[in-house]
Amino acid sequence: MYSGADVIKVEENTRGDDTRSWHPPAAPIIGDAPAPSLPPESAYFLTANRNKRSITVNLKRPEGLEIVYKLIKEADVLVENYIPGKLASMGLGWEDCKKINPRLIYASITGYGQTGPYSKAAGYDVIIEGEAGLMHITGEPDGPPCKVGVAVTDVATGLYTHGAIMAALLSRQQTGKGVWVDANLFDSQIAGLANIASNYLISGQEAKRHGTAHPSIVPYQVFPCKDGFLMIGAGNDRQFKLLAENILQRPELADDPKFSTNGARVANRTEIVQIITDTLMQHERDHWLEKFSGLGVPFGPINNIKQTFEHPQAIARGVTVEVDHPRAGKVKMVAPAVTYNGKRMPVERPPPYLSQHTTEVLQELGYNDQQIEDLRAKSVI
């Protein structure tokens with residue numbers, strides 16, 4: 001018996017989710033693996049599809065639509081990311097689905113939302129990063145705009161949608177009615193501008209790129225040392241005094257009018273940053289990590305990915321999990337980030353290979369073996 005939601009991923013018949021083809025890297029296929037004609041399982045697909053079942057359905061065929069209608073009738077939540085109006089033209093829009101299941105939570109994830117002049121445009125993380133302000137504030141001051149290292153707009157939109165679905169389920173408990181959730185990359189990224197957006201709305205002042213630095217706090221950025229980099233975040237005057245006394249060995253800086261307050265340090269950013277840099281460049285990273293430890297000034301090393309997974313806190317928290325994949329064998333994955341009563345949500349299903357559960361799900365919907373074979377012969381599934 002599986003705990004949690006039963007997530008059924010409805011995929012296109014021949015190739016499935018586009019991210020299945022986003023390799024290398026991919027998990028190597030074990031001997032005697034099922035579905036030998038399929039390509040290897042891409043690392044990108046594996047990271048986003050645990051605890052799901054996969055079925056393939058041709059939505060252009062009436063028999064395919066009937067399968068999805070039966071799923072909708074039993075479902076609590078439907079999540080889709082088609083361009084607005086596309087599913088409605090196929091008979092799977094919100095108005096269609098709520099007639100089948102008035103209690104359905106119908107979550108639409110698009111590039112720009114269901115309304116407005118850009119609503120019909122496709123949405124891509126990297127495009128929205130540029131269009132909704134994030135790239136403008138990312139990168140070095142004298143360099144070009146940069147994208148963030150991972151698809152943060154996609155991730156943030158997924159998290160916003162998750163929260164909205166939870167709220168919609170609570171609403172349904174009270175009203176007995178379903179909800180149409182309109183989530184999109186553009187709105188989510190603008191909301192994610194956070195204090196940068198507020199700074200502009202309050203002052204009218206255009207934001208700039210600051211690299212790893214903070215526009216309103218100094219020192220609050222990455223600094224080089226002899227063999228690596230450190231992030232230091234002295235967010236108040238007390239922390240700066242500790243930094244001046246114990247790291248810089250220059251206690252007089254904390255009383256210098258140029259540096260004694262955060263506002264003064266912001267005004268004299270270049271000078272104080274150079275003083276800190278000159279000091280840190282005298283020793284290796286591990287030397288400074290020991291000096292900062294227990295001091296009361298926020299700090300941390302800049303770790304690569306290997307160092308991240310070897311971090312003692314990552315090991316202690318069990319941030320990875322290993323699952324048995326039918327085509328790839330043992331696959332190591334990042335574990336769910338949240339614990340419940342001290343326990344992580346288990347990964348009970350490995351990411352599915354394409355169409356792995358089609359027969360199983362159709363049987364649950366009442367189709368017999370002959371009907372399933374007929375659907376397969378007609379390329380409906």
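A salt bridge is a side-chain nitrogen of Lys or Arg within 4 Å of a carboxyl oxygen of Asp or Glu. In this predicted model, Asp6, Arg53, Glu360 and Glu364 are linked in a network of such salt bridges. The count for salt bridges comes to 18, and a few of them are worth a closer look.

One of these salt bridges joins the side chains of Asp17 and Lys9, with 2.9 Å from N to O. The two partners fall into separate classes of accessibility. Lys9 has a relative accessible area of 17% and is therefore buried, because buried means under 20%. Asp17, with a relative accessible area of 22%, is partly exposed.

Another salt bridge brings together the side chains of Arg327 and Glu41, at 2.6 Å from N to O. This pair links distant parts of the chain, 286 residues apart. Arg327 sits in the loop between strand S11 (320-325) and strand S12 (329-334), while Glu41 belongs to strand S3 (residues 41-42). Both Arg327 and Glu41 are buried.

A further salt bridge is found between Arg172 and Asp76, whose closest N and O atoms are 2.9 Å apart. Arg172 is part of helix H6 (residues 152-175), and Asp76 is in the loop between helix H2 (62-74) and strand S5 (77-80), so this pair ties together parts that are 96 residues apart in sequence. Here too the burial of each partner can be read off: Arg172 counts as buried, at 9% relative accessibility, whereas Asp76 counts as partly exposed, at 44%.

The next topic is the aromatic rings. A pair of aromatic rings is described by the distance of the centres and the angle of the planes. How many aromatic pairs does a search of the whole structure find? The search finds seven aromatic pairs. One of them is formed by Trp22 and Tyr44, with 4.8 Å centre to centre and 80° between the planes. This pair is edge-to-face, because planes over 60 degrees apart count as edge-to-face. Trp22 lies in the loop between strand S1 (7-11) and strand S2 (26-27), and Tyr44 lies in helix H1 (residues 43-47), so the two rings tie together parts that are 22 residues apart in sequence. Trp22 is partly exposed, with a relative accessible area of 46%, and Tyr44 also counts as partly exposed, at 40% relative accessibility.

Tyr112 and Phe186 form a tilted aromatic pair, with 5.6 Å centre to centre and 40° between the planes. Tyr112 is located in the loop between strand S6 (105-110) and helix H5 (125-131), and Phe186 in helix H7 (residues 185-192), so this pair ties together parts that are 74 residues apart in sequence. Tyr112 counts as buried, at 11% relative accessibility, whereas Phe186 counts as partly exposed, at 24%. Aromatic residues also gather in a group: Trp94, Tyr106 and Trp180 form one aromatic cluster.

Rings can have charged neighbours as well. The charged end of Arg20 sits over the ring of Phe45, 3.8 Å from the ring centre. In a second case, the charged end of Arg265 sits over the ring of Phe240, and the distance to the ring centre is 4.4 Å.

What about the cysteines? A disulfide is a covalent bond between the sulfur atoms of two cysteines. The count of disulfides in this model comes to zero. Cys146 counts as partly exposed, at 32% relative accessibility, and Cys225 counts as buried, at 4%.

Finally, the strands. Which order do the strands of the open sheet of three strands have? The order is S5-S6-S7, and the pairing is parallel. S5 and strand S7 (179-184) stand at the edges with a single partner strand each, so one side of each is left without a neighbour in the sheet. On average, and with direction ignored, neighbouring strands of this sheet are turned by 15° against each other. Between S5 and S6, the parallel pairing runs over four bridges. Val79 has its bridge partner in S6, namely Ala107.

Definitions and conventions. Residues numbered from 1 in each chain as written. Predicted model: local features only at pLDDT ≥ 70, side-chain atom pairs only at ≥ 80, totals over all residues. Heavy atoms only, no water. Buried < 20%, exposed > 50% of the residue type's maximum accessible area, 1.4 Å probe, protein only. Helix = DSSP H or I, 4+ residues; strand = E, 2+ residues; numbered from the N terminus. Phe/Tyr/Trp six-rings, centres within 6.5 Å; stacked < 30°, edge-to-face > 60°. Lys NZ or Arg CZ within 6 Å of the ring centre and 35° of its normal. Disulfide = S-S within 2.5 Å. Pairing = 2+ DSSP bridges. Axes fitted to C-alpha atoms, helices over the stretch in contact; angles between N-to-C directions.
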